[in-house]
Amino acid sequence: MPQSISFIGLGIMGQPMALNLVKAGFPVTVFNRTRRKAEPLERAGARVASSPAEVARDADVIISIVSDTAAMEEVVCGKDGILEAIRSGAVLIDSSTISPTVSRRLACQLAAKGASMLDAPVTGSKHGAEKGELTFMIGGEREVMERVLPVLKVLGKRHIYCGEHGLGLAAKLAMNCILATTVEIFSEGFVLATKAGVPPETLLEIMQSSLARAAIVDFKAPFVFKGDFTPYFPLKLMHKDLELAMEAAYAQNVPMPATAAVKEVYAGAKAQGQGDRDYAAVITFLEELAGIQVRVAPAP
Ligand code: NAP
């Protein structure tokens, strides 16, 4: 079992993930750019560091989950970054969804210091992080993954090896294209039916008894019907993932016409100020254009 674990990024996902490691009895040191968000971890028994370099200095395993590619580059290569202090033999597990190309470069920079990196993006959202039931998609050396599995098993119930560096992220981007498109087309269909006069809960019942049923729609529909867009996965981050997917598609000469169109619907919602709400708020952009809201009055 690794002696010490460090955790960087205590946002929606990182906060409960780090807490689960503390609860599992690991000695955990945490860093968050905004220090205040580290207080619940400190109360739970974690040590709080003041820079990525400080958390990296004594760690056997470092886990990071920050917003985007620029944030991860800053955490690794910036002033007081991980690269300045990481020990030979240590492993950086990055669960952020970032550019696979940049992730591969960071893995090379860490290898030059004798350290290893896995790209290990996750799915399962906030509730999966809280329950320790995330699914990890892992790229890098299989032997390194096996070495850190005792840590990853505290955070998730499935750890799927995808291949060399960057392929965990390649799988994650493909998956988020499917999720984003499903939620957008669900929104279009529900706006259309509601404007025609079909109650939203009736259309949901029909969908749930048809082959169009989708777990993500079952999960999001009750929130949409209440107009509750508390972020589980912020819309601006889903838009970022669609952008990353389109970059990968360009680099690989893969046409993705539906994803390209859906990305612009998320861009529209973000431009309207919905970026910090859950990505299901993409429906509000379509609702405004159609002049109708997909809501269900609470039962009396
Ligand atoms: P979040 O709540 O917005 O948290 C983002 C974290 O990144 C915060 O700790 C933030 O620090 C940190 N950060 C941002 N810029 C930074 C910088 N320049 N230097 C250092 N730290 C920086 O996001 P989240 O929902 O936890 O998502 C984190 C990552 O996981 C993203 O890549 C996302 O795509 C991915 N993901 C999210 C979900 C989900 O359902 N939420 C699911 C799967 C994957 P501050 O507190 O200082 O802002």
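How much area do domain 1 and domain 2 bury between them, and what percentage of it lies on carbon and sulfur atoms? In this predicted model, the two domains bury about 1,100 Å² between them, and 71% of that area is on carbon and sulfur atoms.

**Domain arrangement**

The domain assignment of the protein chain places residues 5-165 in domain 1 and residues 170-290 in domain 2. Taken over C-alpha atoms, the centres of domain 1 and domain 2 are separated by 28 Å. Contact between the domains involves 16 residues of domain 1 and 14 residues of domain 2.

**The interface between the domains**

Zero salt bridges are found by the rule across the interface of domain 1 and domain 2. Polar contacts between domain 1 and domain 2 do occur, with a count of three residue pairs, both residues of each pair at pLDDT 80 or more. On the side of domain 1 that touches domain 2, the elements giving two or more residues are β7 (122-123) and α6 (125-131). Of the elements on this side, α6 gives the most, with three residues. The residues on this side of domain 1 comprise seven nonpolar, seven polar and two charged residues.

**The ligand surroundings**

There are 25 residues around the ligand, of which Asn 32, Thr 34, Lys 37, Tyr 232 and Lys 240 come nearest. The table lists distances from an oxygen atom of the ligand to polar atoms of three residues, namely Thr 34, Lys 37 and Val 66.

| Residue | Atom of the residue | Distance to a ligand oxygen atom |
|---|---|---|
| Thr 34 | polar side-chain atom | 2.5 Å |
| Lys 37 | N or O atom in the side chain | 2.6 Å |
| Val 66 | polar backbone atom | 3.1 Å |

Thr 34 and Lys 37 thus appear both in the table and among the residues that come nearest to the ligand.

Key. Residues are numbered from 1 along each chain as its sequence is written. This is a predicted model: local features need pLDDT of at least 70, side-chain atom pairs count only at pLDDT 80 or more; totals for chains, interfaces and linings use all residues. Side-chain values use heavy atoms; hydrogens and water are left out. Domain bounds come from an automatic or database domain assignment. Contact means heavy atoms within 4.5 Å. Buried area is the accessible area (1.4 Å probe) that two parts lose on being put together, summed over both. A salt bridge is a side-chain nitrogen of Lys or Arg within 4 Å of a carboxyl oxygen of Asp or Glu. A polar contact is a pair of N or O atoms within 3.5 Å; within protein, one must be able to donate a hydrogen and the other to accept it, and residues adjacent in sequence count only if both atoms are side-chain atoms. Helices (H or I, at least four residues) and strands (E, at least two) are DSSP runs, numbered from the N terminus. Ala, Val, Leu, Ile, Met, Phe, Trp, Tyr, Cys and Pro count as nonpolar, Asp, Glu, Lys and Arg as charged, and the others, Gly among them, as polar. A residue is near a molecule or strand if one of its heavy atoms lies within 4 Å of it.
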